Amino acid sequence: MVDTSDLLLVLGAIVIFSIAVLNVNRGITRNQLLMTQAELEYTAIALGQDLIDEARVKAFDEATTTATPSNIPGAFSQDNKFGGANDGEAYPAFDDFDDYDGYQRQDTTEHGLYRITASVMYVTENAPNMEAGGKTAFKRLDVVVSSPFLDNTITLSYLKPF
Ligand SMILES: [Ca+2]
Ligand SMILES: [Ca+2]
């Protein structure tokens, strides 16, 4: 004959076990969400890095594509002449670093669509976070990557010295 108290004990054990399983499942779901968010960010960083890798190997300025000018930084482009269109160039025929100013593209990945926007400015070596306001021998490229699934945009910057 089964003692009723034993049965209650077993039932109690089953309930506790079920709660434990439920908590494990919740934990897994939360980890999966975090992993997905991290994957989205890694993808955004990789796409931004791709664009930087493309731009950083280009000439510093239109004026340096074929020769080294004697007047530095005077011979360089005014920052309002940044952007490939001002050199009569269209992507992917950019030949200098600041041609990427204003450039935008969308990349479709397994994690959905990403929008990538680039901008270039003159900075100084001592204050690379600030726009210099005039010609210098340092240009900073900012690449902003966004995804409808990411809460924040990802910004990557690259400083190119002449
Ligand atoms: Ca150019
Ligand atoms: Ca240019």
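**Figure 1. Helix α1 from end to end in this predicted model.** Let's start with the helix that covers residues 4-56. Its 53 residues, at 1.5 Å a residue, should span 78 Å. The end C-alpha atoms lie 77 Å apart, so the length of α1 agrees with what is expected.

**Figure 2. The buried residues of α1 and the strands they pack against.** Here we pick out Thr 43, Ala 44, Leu 47, Gly 48, Leu 51 and Ala 55, the buried residues of the helix. Their packing partners are four strands: β1 (104-109), β2 (112-123), β3 (138-146) and β4.

**Figure 3. The largest nonpolar core.** This core has 17 residues. If you would like landmarks, look for the residues with the most contacts inside the core: Phe 97, Tyr 100, Ile 116, Ala 118, Leu 141, Val 143 and Val 145. Two or more core residues come from each of α1, β2 and β3. In soluble globular proteins, nonpolar side chains tend to be buried together. Zooming in on Val 145, and leaving out residues up to four places away in sequence, you will find that Val 145 touches Ala 44, Leu 47, Gly 48, Tyr 114, Ile 116, Thr 153 and Ile 154.

**Figure 4. Leu 156 on strand β4.** The strand shown here runs over residues 154-161. Is Leu 156 buried or exposed? It falls in between: Leu 156 counts as partly exposed because 18 C-beta neighbours lie inside 10 Å, whereas a buried residue needs 20 or more. Beyond its neighbours within four places in sequence, Leu 156 is in contact with Ile 45, Gly 48, Gln 49, Ile 52 and Val 143. Of these, Gln 49 is 107 residues away in sequence, yet the C-alpha atoms of Leu 156 and Gln 49 are 7.4 Å apart in space.

**Figure 5. Arg 56 in helix α1.** With 13 other C-beta atoms within 10 Å, Arg 56 is partly exposed. Setting aside neighbours within four places in sequence, Arg 56 is in contact with Tyr 158 and Lys 160. Leu 141 is also worth finding in this view: Arg 56 and Leu 141 are separated by 85 residues in sequence, and by 8.8 Å from C-alpha to C-alpha.

**Figure 6. Two cis peptide bonds, one before Pro 73 and one before Pro 92.** Most peptide bonds are trans. The bond joining Ile 72 and Pro 73 is cis, with omega about 5°. Tyr 91 and Pro 92 are also joined by a cis bond, with omega about 10°. Where should you look for them? Pro 73 sits in the loop between α1 and β1, and Pro 92 is likewise found in the loop between α1 and β1.

Terms used
Residues are numbered from 1 along each chain as its sequence is written. Chains are lettered from A and ligands numbered from 1 in the order in which they are written. This is a predicted model: local features need pLDDT of at least 70, side-chain atom pairs count only at pLDDT 80 or more; totals for chains, interfaces and linings use all residues. A residue is buried if 20 or more other C-beta atoms lie within 10 Å of its own, exposed if 12 or fewer, and partly exposed in between; C-beta atoms are placed from the backbone. Two residues are in contact if their C-beta atoms, placed from the backbone, lie within 7 Å. The expected span of a helix is 1.5 Å times one less than its number of residues. A nonpolar core is a set of buried Ala, Val, Leu, Ile, Met, Phe, Trp, Tyr and Cys residues joined through C-beta atoms within 7 Å.
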